[in-house]
Amino acid sequence: GGISDSGTSTSLLQELANAQAAYASGNEQQGDNVMQAFINHIQAQAGVRISAEAAAELINAANYIITH
């Protein structure tokens with residue numbers, strides 16, 4: 001896929017789990033903050049451990065979650 005190592009994948013999945021937990025508990029602001037950290041993580045790894053295409057898709061999805 002678009003992510004070249006399992007450490008990065010695991011870290012991103014944990015961030016998503018944390019955001020999901022925040023949203024599920026009704027803490028939308030915390031969920032949004034975690035999703036922004038997820039975006040920052042992806043941006044830092046884009047072109048390094050995450051392909052540019054995968055990074056763009058992940059960032060678009062995260063922004064959708066934040067705005068909806």
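Helices here (H or I, at least four residues) and strands (E, at least two) are DSSP runs, numbered from the N terminus. With that in hand, start with Asn18, which lies in helix H1. What you're looking at is a predicted model, where local features need pLDDT of at least 70 and side-chain atom pairs count only at pLDDT 80 or more, while totals for chains, interfaces and linings use all residues. Residues are numbered from 1 along each chain as its sequence is written, and side-chain values use heavy atoms, with hydrogens and water left out.

Let's step back to the whole chain. It has 3 helices and 0 strands, so to speak an α-α-α run from the N terminus on. The C-alpha trace spans about 35 × 20 × 15 Å along its principal axes. A compact globule of 68 residues would have a radius of gyration near 11 Å, and the chain's 12 Å agrees with that. (The radius is taken over C-alpha atoms, and the globule rule is 2.2 Å times the number of residues to the power 0.38.) Of the 68 residues, 26% count as buried; buried means under 20% relative accessible area, exposed over 50%, and partly exposed in between, with a 1.4 Å probe and protein chains only.

Now for the first pair of helices. H1 covers residues 6–24 and H2 covers residues 28–45; they pack at an angle of about 165°, with their axes 7 Å apart. Axes are lines fitted to C-alpha atoms, for helices over the stretch in contact, and angles run from 0 to 180 degrees between N-to-C directions. H1 and H2 are therefore roughly antiparallel to each other, a label for angles over 145 degrees (under 35 is roughly parallel, 65 to 115 roughly perpendicular, and the rest oblique). On the H1 side, the residues making the contact include Leu12, Asn18 and Tyr23, and on the H2 side they include Asp32, Phe38 and Ile42; contact means heavy atoms within 4.5 Å. By class, this H1–H2 contact has 10 nonpolar, 6 polar and 3 charged residues. Here Ala, Val, Leu, Ile, Met, Phe, Trp, Tyr, Cys and Pro count as nonpolar, Asp, Glu, Lys and Arg as charged, and the others, Gly among them, as polar.

Back to Asn18 for a moment: it is partly exposed, with a relative accessible area of 38%. Asn18 and Asp32 are 14 residues apart in sequence and 11 Å apart in space, C-alpha to C-alpha.

The other pair is H2 and H3, whose axes come within 10 Å and cross at roughly 165°. H2 and H3 are therefore roughly antiparallel to each other. Among the residues that meet are Met35, Phe38, Ile39 and Ile42 in H2 and Ala55, Leu58, Ile59 and Ala62 in H3. This contact has 10 nonpolar, 3 polar and 1 charged residues.

Ile42 sits in helix H2 and is buried, with a relative accessible area of 0%. Leaving out residues up to four places away in sequence, Ile42 touches Leu12, Ile50, Ala55, Leu58 and Ile59.

Follow that contact to Ile50, in the loop between H2 and helix H3 (52–67). At 1% relative accessibility, Ile50 counts as buried too. Its own partners, with the same sequence neighbours set aside, include Gly2, Ile3, Thr8, Leu12 and Ile42. Ile50 and Ser4 are 46 residues apart in sequence, yet 6.3 Å apart in space, C-alpha to C-alpha.
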